[in-house]
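Trainee: Hi, have you got a few minutes to go through this structure with me? I'd like to talk about charged pairs and then a helix.
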Amino acid sequence: MNDSLAKLHILLDSREPSVSFARNFYRSGGYLLGEVEHIRGITFAERFKILLERCAIQDEILISVHYLSEEQLGPALLLLQSKKYENLKISLATYGCFTHLRKWCFDTGCQFLPNPYKKRIHPKNIYGDKTAQNESEHLERIWVQYRLILAIISRSEMLGDVCRQLISGDALDEQTIDHEYERALRYFELGEPDMAGGSYFCEGETVANCIDELRYRINKIAATDFNVLIKGESGSGKETAAWAIHELSSRRDKPFLVINCAGLPDELLESEMFGYRKGSHNQAYHDAPGLLDTADGGTLFLDELPDMSPRIQAKLLRFIETGEYRPLGGSVNRYSDTRIIAAGQPARFDAVDGLRSDLKNRIGQLDIDIVPLRQLERACPGTLYKIAFILLERYTWTTIYHANKPRQLTPGDIKKFQDELALPHNLQLLTSQEWKESNIRELNNFLRKWTVFGDGEFKVLARESPAQNTALEGHWLSSVPDDELKKLLVLPKNRRELKDLFARKPLQNIKKAYIRYIFEVYSRIVEQENVTSDMVHKPTQKELAMLMGVTENTISRHLN
């Protein structure tokens, strides 16, 4: 047992295993909780220095992280070389597979603590445990993950404050914590929604980000009690958005129920939504409540709403207008205070046989248009890599077949996948895909196959990529403003196109087209510099000639 005055200062990231380890370490050590710092959004060394300066001689520092790079560790090593901090007790908790972190601990005299929280906990694994203690521990881990993700989506709290609350174990009565666990389990049942690719609250808004804008809109909508219409392609995250609206609303303690309007016959869909009375159909052996009754006070999410038949649309419209509905075979109206969130694919909303306009206006009191993956990358370059980076981490400790035997993917393996994903040719392949079939779900499936089958999946992606049909097509060629230059750079696919290319006299015209392109690029750069400069400059042929090392006459002749 440590001195009762000893404080434990904690530096950690927002990963569930990191926070869970810190929770257990703090609880079992008999410490007072000191500073809790979160390292996202600022360098590790800067946060580490804050803790070092606030740490008394009897205090301890725990660094609980998933991963730190050698670039992050270098400045921290210089800090610890100062005699000022040589007597402080510092521990680093992470995964044992990162050898450079072990070496850093050896070089600095810090204690290395292997993090035992390896497995990703899923609800289906909870009730297979033999002891109530293990069940409770697993539920706690799910709850920690749920609280972290909700804080990231809501952007209403600093993650450091959330981590401090989780580590200190704020007192919750038994009824409240049981309800919190139920909400956490519901979160996992929806496939761990996290709106990957957005910014953390503490990072600030330096550039426009489509996912940040989606989060902002969700938070605005969640504060109201209006019905919501969500438009988005398959796999773009419509149900995730609906879940987040419910969890951030005043209805969060009530049910969140989901039904797919395209997956059920009319009579069954009507029975599921409105309930039925005994004898109303062949299988009605007793009265049964519908989803509107069960969801009273909560939220009902209607997926693929435009595929609902006109008859049930009319009945739903009546409910939205009055709050009343009549069970199938019933004679008395019932009332339900249920918020409706509906979703569907954009094309179906515009179809002639799709959603009736009056129902669309009633449900669409507020609306959300979710940007598909291919447009997301074009609007916010780099977002697709951030999404893929996070999705890859979900496969940590997944069992694969490698070198003629099963093995688990360690965090070190996942880090190698992430580094390989960042290679320019792999990123080019990813960003050149249309991802039309199911957006993020399709990307997730590709990454899953890549971790199992290896680099052959990128070769398959390359063969299927539309960019393979033309030379230099893709992100760079699409940014070339000169149409004539684009035509000269395209790779001919047959003899006729090759003949047409030579008819354009490429050897004579490529120089002229290229200089026109370079002058436009140069003009854009000057415009960008003028935004942040006190003095306004104009793009000139003379300056460009000096940059290119040619005469001004050469530039002028080809531009004119």
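Mentor: Happy to. Keep in mind that this is a predicted model. Let's begin with Arg-27, which has a relative accessibility of 45% and so counts as partly exposed.

Trainee: What does Arg-27 form a salt bridge with?

Mentor: The partner is Glu-140, and the closest N and O atoms of the two are 3.4 Å apart. The pair links distant parts of the chain, with Arg-27 in helix α1 (residues 16-29) and Glu-140 in helix α6 (residues 132-154). They are 113 residues apart.

Trainee: How many salt bridges does the structure hold?

Mentor: There are 27 of them. Glu-37 and Arg-54 make one, with their closest N and O atoms 3.8 Å apart.

Trainee: And where do Glu-37 and Arg-54 lie?

Mentor: Glu-37 is in strand β2 (residues 32-38) and Arg-54 is in helix α2 (residues 44-54), so this salt bridge ties together parts that are 17 residues apart in sequence.

Trainee: Is Glu-37 buried or exposed?

Mentor: Glu-37 is buried, because its relative accessible area is 10% and the cut-off for buried is under 20%. Arg-54, on the other hand, is partly exposed at 47%.

Trainee: Got another one? What about Lys-89, which residue does it pair with?

Mentor: Lys-89 forms a salt bridge with Glu-60, and the closest N and O atoms are 3.7 Å apart. Lys-89 belongs to strand β4 (residues 89-94) and Glu-60 to strand β3 (residues 60-64), so the pair connects parts 29 residues apart in sequence.

Trainee: Is Glu-60 buried or exposed?

Mentor: Buried, with a relative accessibility of 7%. Its partner Lys-89 is partly exposed, at 43%.

Trainee: Which residues do salt bridges with shared partners join into one network?

Mentor: Glu-180, Arg-183, Arg-186, Glu-247 and Asp-253 are joined in that way.

Trainee: Okay, changing topic to helix α7. Which of its residues are buried?

Mentor: Helix α7 covers residues 159-168, and its buried residues are Leu-159, Gly-160, Val-162, Cys-163, Leu-166 and Ile-167.

Trainee: Why do the buried residues of α7 line one face of the helix?

Mentor: Look down the axis of α7: the buried residues fall within an arc of 160°, and therefore they line one face.

Trainee: Last one: what follows α7?

Mentor: That would be Gly-169, which has a positive phi, near 70°.

Note on methods. Residues are numbered from 1 along each chain as its sequence is written. This is a predicted model: local features need pLDDT of at least 70, side-chain atom pairs count only at pLDDT 80 or more; totals for chains, interfaces and linings use all residues. Side-chain values use heavy atoms; hydrogens and water are left out. A salt bridge is a side-chain nitrogen of Lys or Arg within 4 Å of a carboxyl oxygen of Asp or Glu. Helices (H or I, at least four residues) and strands (E, at least two) are DSSP runs, numbered from the N terminus. Buried means under 20% relative accessible area, exposed over 50%, partly exposed in between (1.4 Å probe, protein chains only). The arc is that of the directions from the helix axis to the C-beta atoms.
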